[in-house]
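Please look over the sequence and the model shown below before reading on. The paragraphs that follow start from the strands and then turn to a single residue and to the nonpolar core.

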Amino acid sequence: MSATAGQAQDERGQAERLGIKPGQVVQEIGYDDDCDEQLRGDGDGDLVDALVDALTPLADGGYIWLLTPKAGRDGHVEPSDIGEAAPTAGLSQTSSVSAARDWSGTRLVAPKARR
């Protein structure tokens, strides 16, 4: 297996862990030069505003993966901060994953009444 084929397999595995399937639309918000090239994220500071902005194009039944640096890395977001920001933005936290070596993922959904 070539390095390229191995990298492609890793990326497919990450997408599967996040529940992303072929044909789904993925919108990336907040790309900057400090981002991981396999899983990119942002650290502009106002989490509630970013989540509210992400709700606008969210399709019925869609969800948001909030990717943040893991503990001990620059830009780390405390889980309690996510737990406070999500409901303020009208979202519920459903699960968390290790999204990459340096990144954690938190899955957020709109309440069923909104969907």
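In what sense do S2 and S3 pair, and over how many bridges? In this predicted model, the two strands run antiparallel to one another, and their pairing extends over 7 bridges. Within this part of the structure, Val97 is found opposite Gly105 of S3.

The pairing belongs to an open sheet of 3 strands, arranged in the order S1-S3-S2 and paired in the antiparallel sense. Strand S1, which covers residues 63–69, and strand S2, which covers residues 92–100, stand at the edges with a single partner strand each, so one side of each is left without a neighbour in the sheet. From one strand to the next, the twist averages 25°.

Strand S3 spans residues 103–109 and includes Thr106. Is Thr106 buried or exposed? Its relative accessibility is 7%, and because buried means under 20%, Thr106 counts as buried. When neighbours within four places in sequence are left aside, the residues in contact with Thr106 are Ile64, Trp65, Leu66, Ile82, Gln93, Ser95 and Ser96.

Ile64, one of these contacts of Thr106, also appears in the description of the largest nonpolar core, which has 13 residues and in which Leu51, Leu55, Ile64, Leu91 and Leu108 are those with the most contacts inside it. The elements that give two or more residues to this core are S1 together with two helices, H2 (47–55) and H3 (79–88).

How values were computed. Residues are numbered from 1 along each chain as its sequence is written. This is a predicted model: local features need pLDDT of at least 70, side-chain atom pairs count only at pLDDT 80 or more; totals for chains, interfaces and linings use all residues. Side-chain values use heavy atoms; hydrogens and water are left out. Helices (H or I, at least four residues) and strands (E, at least two) are DSSP runs, numbered from the N terminus. Buried means under 20% relative accessible area, exposed over 50%, partly exposed in between (1.4 Å probe, protein chains only). Contact means heavy atoms within 4.5 Å. Two strands pair if DSSP finds at least two bridges between them. Axes are lines fitted to C-alpha atoms, for helices over the stretch in contact, and angles run from 0 to 180 degrees between N-to-C directions. A nonpolar core is a set of buried Ala, Val, Leu, Ile, Met, Phe, Trp, Tyr and Cys residues joined through side-chain atoms within 4.5 Å.
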